Amino acid sequence: MTPASGSAGGVTDAQWSAAVEAVRGLTPGDDGDKIQLICHVNPDGDALGSMLGFALGLRRLGFTRLRATFPGPFELPEPYQTLPGRDLLVPDEQAFSDADLVMTFDVAAESRLGALVELLPPAPCVVALDHHASNTGFGRVNLVDPGAAATSVVADGLLSRLGVALDREIAECFYVALSTDTGSFKFDLTTPAVHELAARLIETGISPGAISRRIFDTRPFGAMKLVGEVLGRAALDPTAAGGRGMVWTYATLADLERHGQRPYVLDTLIDPVRSVAEADVAVVVKELAAGEWAVSLRSKGAVDVSRVAVAFGGGGHRLAAGFTGYGTPGDVVVAVRDQLESCLI
Ligand code: AMP
Ligand code: MN
Ligand code: MN
């Protein structure tokens, strides 16, 4: 990937230029313009990492009136509590209501912005950085590259076009983002460009081993017991998805409470579930509130799960997607199962 050449991966030169101008047209400094950065609800490593890494880049350009936020409770999952740039994070109610520029990160649709969606119409400019094929194009400048493994790839492309060099702090944020969304460099979008970016990030002096241990391999004892229980109730339906098979499980708020755990410990629950050989499709249903469920969908290639998710008001990628479901876990899974046949690839 040569950042400054051609229309790299789905983002045109005109879009890159518009985004560069949106930033370059602003005045840095304590009396300068205000920039509000926003990532999606229930933020993951890519949402937080791409947003905070980019925010640090803006700080290097001299911007000081910077705030970063996400909708909903102001609670950072434990693994992300040491991310560089976290001092820029504010609760959603403290977001600039009069920002001169709003930038969104890893946000596929306005529905992922919660109440912060109200900040968009009054903003003089909205630049959206994303990599979801299902992105709705809600920004005024849309830097959306469905071929990018993570939003941090897009954020790196914009920072380099703004003349900001990677440093150790920015690199740590982007590495967290990149390794999260590639499943530690395992998924199909792990292209040469991904490894080239990872190489540039590691060259700044970050410690991939320590970062990976913190993000992926450190959980409380109670989380292990909880996951054991939730995996123990998984069910296999070999006839679903035209005989390709579906495996699923669910976790309730009561499960979390019983084991004294926070929701983030279930962020990677889908990984052991999707490893089941007898099923193409993996489904994890996690309770958000009474009767409201975060549904994670994964396919090994037989089903376009982003179409399944979109059918239920969600979104995502072809082989990894999600939506908010209602009713009982059984209701949600039956509805998903019914949808799979029509979304076979
Ligand atoms: P997850 O299963 O939460 O890891 O999410 C997998 C993919 O689906 C990610 O790219 C998410 O951005 C996307 N996704 C998950 N939930 C939703 C939702 N409610 N609406 C839109 N996209 C979603
Ligand atoms: Mn995300
Ligand atoms: Mn992402």
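A residue is called buried here when its relative accessible area is under 20%. With that cut-off in hand, the predicted model can be read from its metal site outwards.

Two manganese ions share one residue. Asp 106 bridges the manganese ion (ligand 2) and the manganese ion (ligand 3), and the two ions lie 3.8 Å apart. On the side of ligand 2, the manganese ion is coordinated by His 40 through NE2 and by Asp 44 and Asp 106 through OD, at 2.0 to 2.3 Å. Along the sequence these donors follow the spacing H-x3-D-x61-D. His 40 sits in the loop between β1 (35-39) and α2 (45-60), whereas Asp 106 belongs to the loop between β3 (101-105) and β4; with their positions 66 residues apart, the pair links distant parts of the chain. Neither residue shows much surface: His 40 is buried, with a relative accessible area of 2%, and Asp 106 is buried with a value of 2%.

On the side of ligand 3, the protein donors are Asp 46, Asp 106 and Asp 181, each through OD, and His 131 through NE2. They lie 2.1 to 2.3 Å from the manganese ion (ligand 3), and their spacing in sequence reads D-x59-D-x24-H-x49-D. His 131 is placed in the loop between β4 (126-130) and β5 (141-144) and Asp 181 in helix α4 (residues 168-181), so this pair ties together parts that are 50 residues apart in sequence. Both His 131 and Asp 181 are buried.

The strands that precede several of these loops can be described next. β1 and β3 run parallel and are joined by 5 bridges, with Leu 37 standing opposite Met 103 in β3. On β3, 4 further bridges lead to β4, again in the parallel sense, and here Phe 105 stands opposite Leu 129 in β4. β4 in turn pairs with β5, in the parallel sense over 4 bridges, and Asp 130 is set opposite Val 144 in β5.

How do the side chains of β3 and β5 point, and are they buried or exposed? In a regular strand the side chains alternate between the two faces of the sheet. In β3, Leu 101, Met 103 and Phe 105 point one way and Val 102 and Thr 104 the other way, all of them buried. Because 5 of the 5 residues of β3 are buried, this strand is largely enclosed by the rest of the structure. β5 gives a similar picture: Val 141 and Leu 143 point one way, Asn 142 and Val 144 the other way, and all are buried.

Further along the chain there is an open sheet of 6 strands, in the order β6-β7-β8-β9-β11-β10 and with mixed pairing. Its edges are formed by β6 (235-237) and β10 (315-316); each has a single partner strand, so one side of each is left without a neighbour in the sheet. Within this sheet, strand β7 (residues 246-251) and strand β8 (residues 281-289) pair in the parallel sense over 6 bridges. One of the positions in register is Ala 251, which stands opposite Lys 286 in β8.

Strands of this sheet also contribute to the site of ligand 1. The ligand is surrounded by 13 residues, the closest being His 132, Ser 296, Arg 298, Gly 315 and Gly 322. At least two residues of the shell come from each of β9 (292-299), β10 and β11 (320-326), and β11 gives the most, with 5 residues. Among the polar contacts, an oxygen atom of ligand 1 is 2.6 Å from an N or O atom in the side chain of Ser 296, and an oxygen atom is 2.8 Å from an N or O atom in the side chain of His 132. A nitrogen atom of ligand 1 lies 3.3 Å from a polar backbone atom of Gly 315. Of the 480 Å² of accessible area that ligand 1 has on its own, the protein covers 79%.

Finally, the cysteines. With a disulfide taken as a pair of cysteine sulfur atoms within 2.5 Å, the count comes to 0 disulfides. For Cys 125, the closest cysteine sulfur is that of Cys 39, at 19 Å, which is too far for a bond. Cys 125 is buried, with a relative accessible area of 17%; Cys 343 is buried too, with a value of 3%.

Key. Residues numbered from 1 in each chain as written. Chains lettered and ligands numbered in written order. Predicted model: local features only at pLDDT ≥ 70, side-chain atom pairs only at ≥ 80, totals over all residues. Heavy atoms only, no water. Donors = N, O, S within 2.8 Å, 3.2 Å for Na, K, Ca; no water. Buried < 20%, exposed > 50% of the residue type's maximum accessible area, 1.4 Å probe, protein only. Pairing = 2+ DSSP bridges. Near = heavy atom within 4 Å. Polar contact = N/O pair within 3.5 Å; in protein donor to acceptor, adjacent residues only side chain to side chain. Areas by Shrake-Rupley, 256 points an atom, 1.4 Å probe, with all protein chains shown as cover.
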